[in-house]
Amino acid sequence: MTINPALLLIAGALPIPLLRGRLRAVWMMLLAPAALAALWTLPEGVHGSFEILGLQLETLRVDALARIFATAFLAAALISMVYALHLRDALQQTVIPIYASSAVGGALAGDLITLFVFWELAGLSSVFLIWAQRTERAYRAGMRYLVAQVASGLLMLGGIVLHVNAGGGLEFGFIGASSAGGLLILLAVGIKCAFPILHAWLTDTYPEATIVGTVALSAFTTKFAVYVLARGFPGTGELVWVGVVMACFPIFYAVIENDLRRVLAYSMINQLGFMVAAVGVGGTLGVNGAAAHAFADILFKGLLFMSMGAVLLRTGTAKGSELGGLYKSMPQTMVLCVIGAASISAFPLFSGFATKSIIMEAVAEEHRTIVWLLLLFASAGVFHHAGIKIPFFSFFAHDRGHRVAEAPLNMRVAMGLAAAGSILIGVAPNLLYGLLPYEMDYSAYTTSHVINQVQLLLLASMAFTVLMRTGLYPPELPSVNLDADVIYRRLLPRLWRTSVTGLTRLRDATAPLHARAGRLTSSSTRPLQTASWTTDVMVLWVALLLALFLLISLL
Amino acid sequence: MKDDPVNDDRRWLDEPRNVDRVVRGLYVLCALVFLADLLYTKDPHFGIENTFGFYALYGFLGSVTLVLVAKELRRVLMRPEDYYERSGDDD
């Protein structure tokens, strides 16, 4: 009998609100390991296929690419659920496994319909992790998040319809961006993968989620999108440049951003940039690099978000301008955070070193000099904001006098799991390489690679030190920075208001004219306008207007 | 919180003298890894990697550029913390 790990997670999530105390905790901790066991006992190949309405669905397909992503998602599910154990909030504790199941199910989907179902589930379930904050601000952020997710889902659906109509078939394999359907699907993925301009929802709303919610959000949606890219669009050359822009522009924002959870959201786009560029390069090293780095990123980015979540829980703030000196009160969290920072910065013996280097190697083998130089710049940049800024401004810098308790035990255990995974990948990368979709002859630990990476990072930290001590480093200031979200949070609502008041004024100004025109035409039998409007066209327009209205009022 | 020094829990790192020591240690370490380029044979993909201390120089200059450019970007991008919450402006 085959068990779909995603369905197992969903089924296992449902009793959580009914369980109490220790029983609930044990149940939550068992869920992800059970799903992992189900995943790894499945033989490679297609299971769970059936026909409905003449469509051949393959709800469960296991191959190396699907398995490594599903494994990473289940590891993240386990870590997030341990991190959530201290909560007395059944909503979040139930939503996390359901949300995780959407990424697992998507990774194991063999056809596009199944993929679409899980793609939608990912958006619809995860919004509750923002709403669970239960504030007006979070409610609005959740709405903005939902609009982005639903828009992505609609584009995906439209793309699938076009793709199938053009004879592409329902099977989820290589899609490519050469057809209209493929382009729509790529655009849908681009929203969830935070392509430039389309990224605003991520940095806007992730930091508005609950402490636990942000940790779960950081693992699934974006890496699910990377998986769809790796499966459907490997070797799509344009993606290389998309990835380079994603790797480079967020690091500038990250340097001046004050909310440390938002700094991590920017750094997430930066890391996604490496993966997108790798998918664009394609081939053995490209796809392997994207998959390996996604795996490592799920662990170290989760770890960093968890450490900032612990700081937020204990001090009530995650703002750089209000933090500092926490190494005195939260030394264990500090050490775990530094492990995450070293991993994302790709220090030798930490996971990023073993995984990001595959991507750099893939780019170098193609002799893409400018791409390579820009990614190297982004590597130094990520060390700056995620490697130094995050631990420095929260745990060191100026002692702000926070005297708080260490993070709760379950949080430390969850961070410990992610830290152990990050170090394991860094120390024994072959364990991860063995899971990658393609066989490759690659070793991260060559003399020149180790020395060069240490040179890059140490001198980057020297740059930070020099800038700090000369006072040139921009101070942490209470502020927000304009990004693409200004378009839908400021410009569009303003435009809407201006045009509405403008139209009202115009109507008032022309009212006397209307009256006169009415007297003039009253002799004619019927005005032209009413003749050309049939009922169904009218209903359509009303529906469209209402939809637009709803959209704008939700924003 | 407050910007005045907190004295209830003085640690080794609270002494400016010790911070200076750490920084000096870092500078020495940086000089050493910069000179490490003498010690091994490079296996470059690009000609530019043959420049002496390329990675070190690139890491340093790249970081300084990043921070200074980001700092200038604040003039254009930075807004008050409640920018999106001010009454009547965001709905």
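**A chat about chains A and B**

Me: Which residue does Val46(A) face in strand 2 of chain A?
Reply: Val46(A) stands opposite Arg61(A) there. Keep in mind that this is a predicted model.

Me: How do strand 1 and strand 2 of chain A run, and how many bridges join them?
Reply: They run antiparallel. Strand 1 covers residues 45-52, strand 2 covers residues 55-62, and 7 bridges join the two.

Me: What sits in the turn of that hairpin?
Reply: There are 2 residues between the strands. Leu53(A) has a positive phi, near 50°.

Me: And where do side chains point in a strand?
Reply: In a regular strand they alternate between the two faces of the sheet.

Me: New topic, helices. How do helix 13 and helix 17 of chain A cross?
Reply: Their axes come within 9 Å and cross at roughly 150°. Helix 13 spans residues 283-315 and helix 17 spans residues 409-427.

Me: Parallel or antiparallel, then?
Reply: Roughly antiparallel, because an angle over 145 degrees counts that way. The crossing of helix 13 past helix 17 in chain A is left-handed.

Me: Which residues make the contact?
Reply: From helix 13 of chain A, they include Ala296(A), Leu299(A), Phe300(A) and Gly302(A). From helix 17 of chain A, they include Met411(A), Ala414(A), Gly421(A) and Ile425(A).

Me: What classes of residue are in that contact?
Reply: The contact of helix 13 with helix 17 of chain A has 12 nonpolar and 4 polar residues. It has no charged ones.

Me: Where does UniProt put a domain on chain A?
Reply: At residues 109-379. The record, an unreviewed entry, calls it "NADH:quinone oxidoreductase/Mrp antiporter transmembrane".

Me: How much of that stretch is helix?
Reply: Residues 109-379 of chain A are 75% helix and 0% strand. The C-alpha atoms at the two ends are 33 Å apart.

Me: Now chain B. How many residues from each chain are in the contact with chain A?
Reply: Chain B gives 42 residues and chain A gives 45.

Me: Which part of chain B gives the largest share?
Reply: Helix 2 of chain B, with 16 residues. Helix 1 (16-35) and strand 1 (78-79) of chain B each supply at least two.

Me: How do the residues on chain B's side divide by class?
Reply: 27 are nonpolar, 4 are polar and 11 are charged.

Me: Which strands pair between the chains?
Reply: Strand 3 of chain A, residues 480-481, pairs with strand 1 of chain B. The pairing is antiparallel, over 2 bridges. Within it, Val480(A) stands opposite Arg79(B).

Note on methods: Residues are numbered from 1 along each chain as its sequence is written. Chains are lettered from A and ligands numbered from 1 in the order in which they are written. This is a predicted model: local features need pLDDT of at least 70, side-chain atom pairs count only at pLDDT 80 or more; totals for chains, interfaces and linings use all residues. Axes are lines fitted to C-alpha atoms, for helices over the stretch in contact, and angles run from 0 to 180 degrees between N-to-C directions. Helices (H or I, at least four residues) and strands (E, at least two) are DSSP runs, numbered from the N terminus. Angles under 35 degrees count as roughly parallel, over 145 as roughly antiparallel, 65 to 115 as roughly perpendicular and the rest as oblique. A crossing is left-handed if the near helix is turned anticlockwise from the far one by less than a right angle, and right-handed if clockwise. Two residues are in contact if their C-beta atoms, placed from the backbone, lie within 7 Å. Ala, Val, Leu, Ile, Met, Phe, Trp, Tyr, Cys and Pro count as nonpolar, Asp, Glu, Lys and Arg as charged, and the others, Gly among them, as polar. Two strands pair if DSSP finds at least two bridges between them. UniProt positions are given in the numbering used here, feature names are shortened, and annotations may be inferred rather than shown by experiment.
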